[in-house]
Amino acid sequence: MGVGQALLVVGAFIASYVALDWVSYIAPIAPFGITPWNPPPALSIALLLFFGVRFWPALFLATLAAEYVVRGLPAPLLFNFLIAGATSLGYVGAALALRRLLPPNFAIVTRRNLLAFLAVVACFALPVAATYVFVLTSPTLLPREDLWRNILLYWVGDVIGIITLAPLLLTIANWRPERGAWTTPRLIEAALQLAAIFGALWIVFGVQATDEFRFFYVLFLPVIWVALRHGILGAEIAILAVQIGLVVAVETVDHPPITVLELQMLMLTLAVTGLFLGVLLNERSAAVAALRARDDEFAKMMRMAALSEMSSALAHELNQPLAAVSNYVRAANLMLDQGVGMAQDPLLLRETLVKAVGEVERAGKVIHRLRDFYRAGGTKLERATVEDLVREAVQPLQLRLARRKIAVELNLPKQPVHVMADKVQLAAVIYNLVANAIDALGADDAGAGVITIGATARNGQVDFTVSDTGPGLSPDIGGRVFDAFATTKTDGLGLGLTISKSIVEAHGGHIAVRPGAKGGAEFAFSIPAVVEGAQSP
């Protein structure tokens, strides 16, 4: 900041300080300026916080100017210098403490900030008040018998003035209007709230009562309303409006007699209550915003996880059909190399190519269904028989089964049993379980392995089982076999059973693993069956 700008700030501050002191100079005790509230120190704290404590000379000069303009220098010049020095020193200390306790922007938006602010203000305003009163008492300008009472009045007046105005100044300095903040309904509500404040003041001062300020509690209602609707900024504006109204009413309206200290206690209680309500609403709003931000973050994380899982699922599910396509194409090339052409054995070559095309089509269906499953979390239900599902799943594995000399036993219902299922997804589950069983039975040409695929209809559901005669699951993997990335294969992704579990549960069923009756492992899952005679969805 340049010298010219600094001088402009100092001049504006001194002028504002003196003007505010003059406006608030209402109901003073004797000629010495002890008033129910004293807001100029709030300007001092705001100046020292925002522009730095190097501006303390401005506070010193402003205090001297106010003593001269507003009070006419009630004490000798030396005593006024002592008062200005003590005031400057006290509020420089308060500003330094607040710089350490408040956030970098000095906004009071949490209970911790508010408690720290109130504690600092109360602590540093007390020695300022004591110095002021002691200095004025020393040349017998104030009666000594009222020394402690006058210190209390001056201290509470400074505290009220600071907590009424300083938080508002700090909030306004950081305030950024929300888009759509000045809508017609909000303006109407603000007008009603202002009217409620004036109405409460009229009740307090306009209704004749035998007790002093009998209806003062009515002023809490509009302050609570504003604080709960607009947070700390609304509470600060409402408190300032009420305080100004109180002081003006005390000065201009006939009312039962009331002591300055009693009025100060009422004003202090109202201000602190309003500030705490406003801060609580701000904390609640911040907590809600933080929860929404965390929800958005989790949602983004889940979308990324779903994308990652979908990519892994595609890699896992497309591995087998693409491998089958590769095998069929190699077989066709081998036929051509060996002279088995269209003229010599056209049916064999055509059948091989048709199977390759079928695997490509199955891969395409897997891509589309997995995309739909992870995008919408749903399934495309169709009426299908249990036998069709099993045979559709096992057919692409015939070459692997034959190459490894693995026998497949089917224990299926003799009568057709129907289910409502996504045929591609459910066939993928059976396919994955059978493929895992093939891997569990050992290397190529091991022989003597048996895979049993069973299905039983009972109690409105169909129980599928896929068991093998292999070594079974090891204890370290058995308890987490359905967890993502849990695998015993050196080249496995560990997602096949996780995906299968998701598909089965999406069909309203469940899946489990247990030891097989002939050794090895048995995977079992159940899905609802179609009850004949009932209307299908």
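Let me begin with a single side chain in this predicted model: F106, whose relative accessibility is 9%, counts as buried, since buried here means under 20%. Its partner will bring us to the aromatic pairs, of which a search of the whole structure finds seven.

F106 pairs with F50 in an edge-to-face arrangement, the ring centres being 5.8 Å apart and the planes standing at 75° to each other. F50 belongs to helix α2, residues 40-51, whereas F106 sits in the loop between α4 (77-101) and α5 (111-137), so the pair ties together parts of the chain that are 56 residues apart in sequence. Unlike the buried F106, F50 counts as partly exposed, at 34% relative accessibility.

A second pair, F134 with W148, is also edge-to-face, because the planes lie at 90° with the ring centres 6.2 Å apart. Here the link runs from helix α5, which holds F134, to helix α6 (residues 147-174), which holds W148, and so the pair joins parts that are 14 residues apart in sequence. As for accessibility, F134 is partly exposed at 40%, while W148, with a relative accessible area of 64%, is exposed.

Let me return to helix α2, the helix that carries F50, and ask how it packs. Which residues of α1 and α2 meet? On the α1 side they are V9, F13, S16, Y17, L20 and D21, and on the α2 side P40, P41, L43, S44, L47 and F51. The axes of α1, which spans residues 3-23, and α2 come within 9 Å and cross at roughly 160°; since angles over 145 degrees count as roughly antiparallel, that is how the two helices run with respect to each other. The crossing itself is right-handed.

One residue of that contact, F13, leads on to the nonpolar interior. In soluble globular proteins, nonpolar side chains tend to be buried together. The largest nonpolar core in this model has 71 residues, and F13 is one of those that touch the most other members, together with Y91, F117, I163, L219 and L246. Which helix gives the most to this core? Helix α8, residues 220-252, does, with 13 residues. Apart from this core lies another, of 42 residues, among them V434, F482, A521 and I527.

To draw the threads together, F13 appears both in the contact between α1 and α2 and among the best-connected members of the largest core, while α2 also supplies F50 to the aromatic pair with F106, the buried residue with which I began.

Definitions and conventions: Residues numbered from 1 in each chain as written. Predicted model: local features only at pLDDT ≥ 70, side-chain atom pairs only at ≥ 80, totals over all residues. Heavy atoms only, no water. Core = buried A, V, L, I, M, F, W, Y, C linked by side-chain atoms within 4.5 Å. Buried < 20%, exposed > 50% of the residue type's maximum accessible area, 1.4 Å probe, protein only. Helix = DSSP H or I, 4+ residues; strand = E, 2+ residues; numbered from the N terminus. Phe/Tyr/Trp six-rings, centres within 6.5 Å; stacked < 30°, edge-to-face > 60°. Axes fitted to C-alpha atoms, helices over the stretch in contact; angles between N-to-C directions. Parallel < 35°, antiparallel > 145°, perpendicular 65-115°, else oblique. Left-handed = near helix turned anticlockwise from the far one by under 90°. Contact = heavy atoms within 4.5 Å.
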